[in-house]
Amino acid sequence: PLTLQVKNKAPAEVQITAEQLLREAKERELELLPPPPQQKITDVEELNDYKLRKRKTFEDNIRKNRTVISNWIKYAQWEESLKEIQRARSIYERALDVDYRNVTLWLKYAEMEMKNRQVNHARNIWDRAITTLPRVNQFWYKYTYMEEMLGNVAGSRQVFERWMEWQPEEQAWHSYINFELRYKEVDRARTIYERYILFTLLVIVHPDVKNWIKYARFEEKHSYFAHARKVYERAVEFFGEEHMNEHLYVAFAKFEENQKEFERVRVIYKYALDRIPKQEAQNLFKNYTIFEKKFGDRRGIEDIIVSKRRFQYEEEVKANPHNYDAWFDYLRLVESDADAETVREVYERAIANVPPIQEKRHWKRYIYLWINYALYEELEAKAKRTRQVYQACVELIPHKKFTFAKIWLLYAQFEIRQKNLPLARRALGTSIGKCPKNKLFKGYIELELQLREFDRCRKLYEKFLEFAPENCTSWIKFAELETILGDIDRARAIYELAIGQPRLDMPEVLWKSYIDFEIEQEEYEKTRNLYRRLLQRTQHVKVWISFAQFELSAGREESLSRCRQIYEEANKAMRNCEEKEERVMLLESWRNFEEEFGTDTTKERIDKLMPEKIKKRRKLQAEDGSDAGWEEYYDYIFPEDTANQPNLKLLAMAKLWKKQQQESEAAEMDPDKDIDESQS
């Protein structure tokens with residue numbers, strides 16, 4: 001296509017506004033030519049001439065396109081307006097020859113006959129229409145309505161019967177039923193309902209429940225309550241458990257509620273709630289709750305609430321079967337309300353959801369399902385099932401990767417409650433053989449202690465210490481057991497073995513226990529030897545302080561001198577200690593000792609050993625090596641450290657200079673005092 005090129009793109013000198021455009025358009029409307037004058041026909045010749053011209057026009061239009069039905073209808077309606085009924089009838093017949101499937105054409109044809117009171121002709125047309133197009137419901141509705149308006153009830157019924165033979169849709173049957181009810185023909189209406197229900201059973205693959213409900217309400221409305229109940233029962237039997245619908249049971253229950261049959265209502269609701277899927281029973285729950293609030297007792301209302309909560313928990317566990325918290329809540333609910341078989345079924349469903357990953361953190365919540373299951377069986381059911389639960393649980397746990405000592409111990413305690421000691425020992429022995437753990441050893445030892453089987457306890461302690469020789473608590477408990485049994489030498493030997501281990505988890509606790517043991521036995525020389533052996537391993541300040549306090553508490557004449565000697569040794573040993581706070585702690589403990597038991601000389605000596613506390617600054621560095629500012633900290637300067645003597649001398653000179661500065665400032669502030677001093 002050619003594109004126009006605009007040479008001059010400058011704005012026009014005269015600009016046209018939108019208002020001006022609208023005004024010009026309005027002015028042009030006024031310039032339209034007036035319509036031609038109306039013609040008046042005065043005689044028959046003019047009328048015939050007018051008819052001829054109009055008919056010729058209509059015929060020409062039809063000849064141009066025969067399939068345009070609107071031209072035929074306009075032609076026939078024009079002839080009808082001239083009271084030329086025969087001609088109009090002829091036009092409609094010609095049009096039907098062209099397109100007999102056109103619904104509008106049949107309707108206009110029949111309406112013309114009815115409008116002109118040609119009843120038989122109208123019947124003839126309706127008969128032809130329903131015979132030609134039996135699936136067009138509008139023809140049947142119009143035909144039956146015409147017969148009913150004419151008072152021909154039998155004829156209308158006959159038309160309905162012909163219509164029902166074609167097995168029409170639901171609304172047609174209800175129209176027939178309403179027609180019979182308008183003339184008080186209840187038995188005929190019931191027969192039609194029966195035929196329709198039979199039709200839905202035989203023809204419709206998925207029949208709708210609302211038709212049964214309408215049938216039952218029809219019987220109820222006409223006070224045929226036994227028939228209505230029978231209809232509901234037939235509907236329940238027909239739909240069965242595969243196609244249950246909550247609307248049917250709600251309607252059935254409301255019917256029984258109207259008949260004051262409250263027990264039947266309760267049975268209907270419970271039957272439906274037990275079988276209908278929970279997500280499809282929201283309306284059922286709601287109506288059941290309302291019914292119980294109106295007519296039920298407290299127990300009934302509680303049952304409704306429990307059912308609702310059960311539904312919620314079912315939805316949660318269905319959405320995520322490994323949500324063990326939801327299972328716990330669900331089980332707590334059913335345990336409080338349901339029978340043993342229901343509770344057992346829920347437990348079996350819960351424990352079937354084994355964690356997919358064999359990691360202990362994923363099993364920690366799951367294992368409590370088994371524990372609760374076993375406890376429930378023991379408290380509520382029989383012991384045989386409890387044993388089966390425990391055995392199934394210990395077989396399920398992957399003991400090569402991890403185990404749960406709680407399960408083994410609970411199993412053993414259960415067998416003891418059943419007075420079956422060999423099985424309890426076998427369970428604990430199996431657990432130690434498969435997956436030894438500290439808790440298992442402790443639990444087994446505690447069991448044998450309660451049974452006063454001390455030889456077994458000794459063997460278990462030996463196995464325990466072979467398994468975990470670094471466990472100081474086990475060594476201490478073993479030695480305490482031997483002490484209680486009065487075998488001091490065995491206890492001492494155990495302690496010696498313990499402190500000789502190359503690796504211990506809490507060595508300080510073990511040494512303290514050994515020392516306390518020797519003190520209780522009043523073996524002071526052995527206690528001193530223990531302290532000396534411990535000081536060879538560590539020079540911790542608390543060990544020195546504890547050693548000194550032991551010497552003080554020995555209760556002999558030389559205890560003070562021994563204690564002071566320990567403090568002297570500790571002070572010499574800790575001169576090279578980098579942790580100055582520990583050395584300060586030792587000196588403070590020594591000073592407290594001297595204040596309580598020492599002389600003036602010893603007190604003055606310890607005071608001279610106390611350090612000076614000074615504030616210092618040091619530079620900080622960030623992780624990337626950049627400067628991070630300065631920080632202040634406290635440091636201690638000990639007088640007896642020769643390396644620190646220059647610092648002490650410098651500090652003393654600084655203090656003297658500061659004192660002189662203060663005195664000179666005071667003299668400047670008080671000149672009268674200086675004059676008085678000079679005169680004096």
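These legends accompany several close-up views of a predicted model.

**Figure 1. The whole chain gives the setting for the close-ups that follow.** The protein comes to 35 helices and two strands. Of its 680 residues, 38% count as buried. If you are thinking about contact order, here is a handy figure: among contacts in the protein with a separation of 6 or more, residues 24 or more positions apart account for 47%.

**Figure 2. Helix 3 and helix 4 pack against each other.** Here we look at helix 3 (residues 69–81) and helix 4 (residues 85–98), whose axes come within 7 Å and cross at roughly 165°. Because of that angle, helix 3 is roughly antiparallel to helix 4. Their crossing is left-handed. On the helix 3 side, the residues to pick out are Trp-72, Tyr-75, Ala-76, Gln-77, Glu-79 and Glu-80. They meet Ile-85, Arg-87, Ala-88, Ile-91, Tyr-92, Arg-94, Ala-95 and Val-98 in helix 4. Sorted by class, the contact of helix 3 with helix 4 has nine nonpolar, one polar and four charged residues.

**Figure 3. Lys-83 sits in the loop between helix 3 and helix 4.** Have a look at the backbone here: Lys-83 has a positive phi of about 65°, although this residue is not a glycine. For background, most residues other than glycine have a negative phi. With a relative accessible area of 62%, Lys-83 is exposed, because exposed means over 50%.

**Figure 4. Lys-184 is another lysine with a positive phi.** Its phi is about 60°, and again the residue is not a glycine. You will find Lys-184 in the loop between helix 9 (170–182) and helix 10 (186–202). Its relative accessible area is 70%, so Lys-184 is exposed.

**Figure 5. Thr-104 belongs to helix 5 (residues 103–115).** Thr-104 has 40% relative accessibility and therefore counts as partly exposed. A useful pair to display is Thr-104 with Ser-70: the two are 34 residues apart in sequence, and their C-alpha atoms are 9.5 Å apart in space.

**Figure 6. Arg-162 in helix 8 (residues 153–164) meets several residues from elsewhere in the sequence.** Once neighbours within four places in sequence are left aside, Arg-162 is in contact with Asp-127, Ile-130, Thr-131, Trp-140 and Tyr-143. One of these partners, Ile-130, lies 32 residues away along the chain, and the C-alpha atoms of Arg-162 and Ile-130 are separated by 9.5 Å. Arg-162 has a relative accessibility of 31%, so this residue counts as partly exposed.

**Figure 7. Glu-256 in helix 13 (residues 246–258) is a buried glutamate.** Its relative accessibility is 0%, and because buried means under 20%, Glu-256 falls into that class. The side chain of Glu-256 makes a polar contact with the side chain of Arg-264, at 3.2 Å. Leaving aside neighbours within four places in sequence, the residues in contact with Glu-256 are Arg-229, Glu-261, Arg-264, Val-265 and Ile-268.

**Figure 8. Helix 18 and helix 20 form a left-handed crossing.** The view takes in helix 18 (residues 340–351) and helix 20 (residues 367–380), with axes that come within 10 Å and cross at roughly 160°. The two helices are therefore roughly antiparallel to each other. From helix 18, Ala-340, Val-343, Arg-344, Tyr-347, Glu-348, Ala-350 and Ile-351 take part in the contact. Their counterparts in helix 20 are Leu-369, Trp-370, Asn-372, Tyr-373, Tyr-376 and Glu-377. By class, the contact of helix 18 with helix 20 has nine nonpolar, one polar and three charged residues.

**Figure 9. Helix 31 passes helix 32 in a left-handed crossing as well.** The axes of helix 31 (residues 559–573) and helix 32 (residues 580–597) come within 10 Å, crossing at roughly 160°. Helix 31 and helix 32 are therefore roughly antiparallel. Helix 31 contributes Leu-560, Cys-563, Arg-564, Tyr-567, Glu-568, Ala-570 and Asn-571 to the contact. Helix 32 brings Arg-583, Leu-586, Leu-587, Ser-589, Trp-590, Phe-593, Glu-594 and Phe-597. The class count for the contact of helix 31 with helix 32 is nine nonpolar, two polar and four charged residues.

Notes. Residues numbered from 1 in each chain as written. Predicted model: local features only at pLDDT ≥ 70, side-chain atom pairs only at ≥ 80, totals over all residues. Heavy atoms only, no water. Helix = DSSP H or I, 4+ residues; strand = E, 2+ residues; numbered from the N terminus. Buried < 20%, exposed > 50% of the residue type's maximum accessible area, 1.4 Å probe, protein only. Contact = heavy atoms within 4.5 Å. Axes fitted to C-alpha atoms, helices over the stretch in contact; angles between N-to-C directions. Parallel < 35°, antiparallel > 145°, perpendicular 65-115°, else oblique. Left-handed = near helix turned anticlockwise from the far one by under 90°. Nonpolar A, V, L, I, M, F, W, Y, C, P; charged D, E, K, R; others polar. Polar contact = N/O pair within 3.5 Å; in protein donor to acceptor, adjacent residues only side chain to side chain.
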